[in-house]
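Thanks, everyone, for making the time this morning. I would like to walk through one structure with you, going slowly from element to element, and I will put it on the screen now.

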Amino acid sequence: FFSSRRRHTRCREVSWARRCVQETGIKTHKGVKGIVITDKEGFPIRSTMSQEETIEYAGLTTQLLEDMERELAQCELREPIQFVRLRSKKNEIMIAPDQQYVLIAVSYTHLR
């Protein structure tokens, strides 16, 4: 089991993530499919999507950010990734990594 300190830290993370999603009101914007907040390792902390979609987006996003950082390092670009926007015919995925968390917003392209 987690130590009490680890449990307390995790509770603060979940509380922060919940406030972030609720206060920003991102989910209420037209065309937003869902929001996922993960820690830096890719573990979901908060989501407005189904469990299956949350795990899928968290895993793919974490792998994408790792690959991008590795490629940028090979090009000797040391600037941290601040924002990534991917767009397809159906969806748009916006990824905002931070020092501790990653915010993933998924919206429907055709409703924008």
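Let me begin with strand 1 and strand 2, which run antiparallel and are joined by three bridges. One of the pairings to look for is T38, whose bridge partner in strand 2 is P44. Four residues lie between the two strands of this hairpin, and within the hairpin G42 takes a positive phi near 100°.

I should say early on that what you are looking at is a predicted model. The mean pLDDT of the protein is 79, with 72% of the residues reaching 70 or more. Please be careful with residues 1-11, where pLDDT stays under 50 and where the model has four contacts beyond four places in sequence.

Staying with the hairpin for a moment, D39 belongs to strand 1, and because its relative accessibility is 9%, under the 20% cut-off, D39 counts as buried. A polar atom of the D39 side chain lies 2.9 Å from the backbone nitrogen of F43.

Now to the sheet as a whole, which is open, has five strands in the order 2-1-5-4-3, and is paired in antiparallel fashion. Which strands stand at the edges? They are strand 2, at residues 44-47, and strand 3, at residues 84-87, and since each has a single partner strand, one side of each is left without a neighbour in the sheet. From one strand to the next, the twist averages 15°.

As general background, the strands of a sheet pair through backbone hydrogen bonds, in either a parallel or an antiparallel way. In this sheet, strand 4, residues 91-97, and strand 5, residues 101-108, run antiparallel and are joined by seven bridges. Among the pairings there, P97 has V102 in strand 5 as its bridge partner.

Just past strand 5, in the segment that follows, we come to T109. Is T109 buried or exposed? With a relative accessible area of 11%, T109 is buried. Once neighbours within four places in sequence are left aside, T109 is in contact with R87, S88, K89, K90, N91 and E92. With S88 in particular, a polar atom of the T109 side chain lies 3.2 Å from the backbone oxygen.

The other element I want to show you is helix 2, residues 51-74, whose 24 residues reach 35 Å from the first C-alpha to the last, which is close to the 34 Å expected at 1.5 Å a residue. Its buried residues are T54, Y57, A58, T61, T62 and L65. What covers them includes strand 1, at 32-39, together with strand 2, strand 3, strand 4 and strand 5. Just after the helix, E76 takes a positive phi of about 60°.

To finish, let us look at T54, which has its place in helix 2 and which, at 6% relative accessibility, counts as buried. If we do not count residues up to four places away in sequence, T54 touches V36, P44, S47 and M49. For M49 we can be specific, in that the T54 side chain reaches its backbone oxygen at 3.5 Å. You may also want to find I37 on the screen, which is 17 residues from T54 along the chain, with 9.1 Å separating the two C-alpha atoms.

That is the tour, and I am happy to go back to any part of it.

How values were computed: Residues are numbered from 1 along each chain as its sequence is written. This is a predicted model: local features need pLDDT of at least 70, side-chain atom pairs count only at pLDDT 80 or more; totals for chains, interfaces and linings use all residues. Side-chain values use heavy atoms; hydrogens and water are left out. Two strands pair if DSSP finds at least two bridges between them. Axes are lines fitted to C-alpha atoms, for helices over the stretch in contact, and angles run from 0 to 180 degrees between N-to-C directions. pLDDT is the predictor's confidence in each residue, from 0 to 100. Contact means heavy atoms within 4.5 Å. The expected span of a helix is 1.5 Å times one less than its number of residues. Buried means under 20% relative accessible area, exposed over 50%, partly exposed in between (1.4 Å probe, protein chains only). A polar contact is a pair of N or O atoms within 3.5 Å; within protein, one must be able to donate a hydrogen and the other to accept it, and residues adjacent in sequence count only if both atoms are side-chain atoms.
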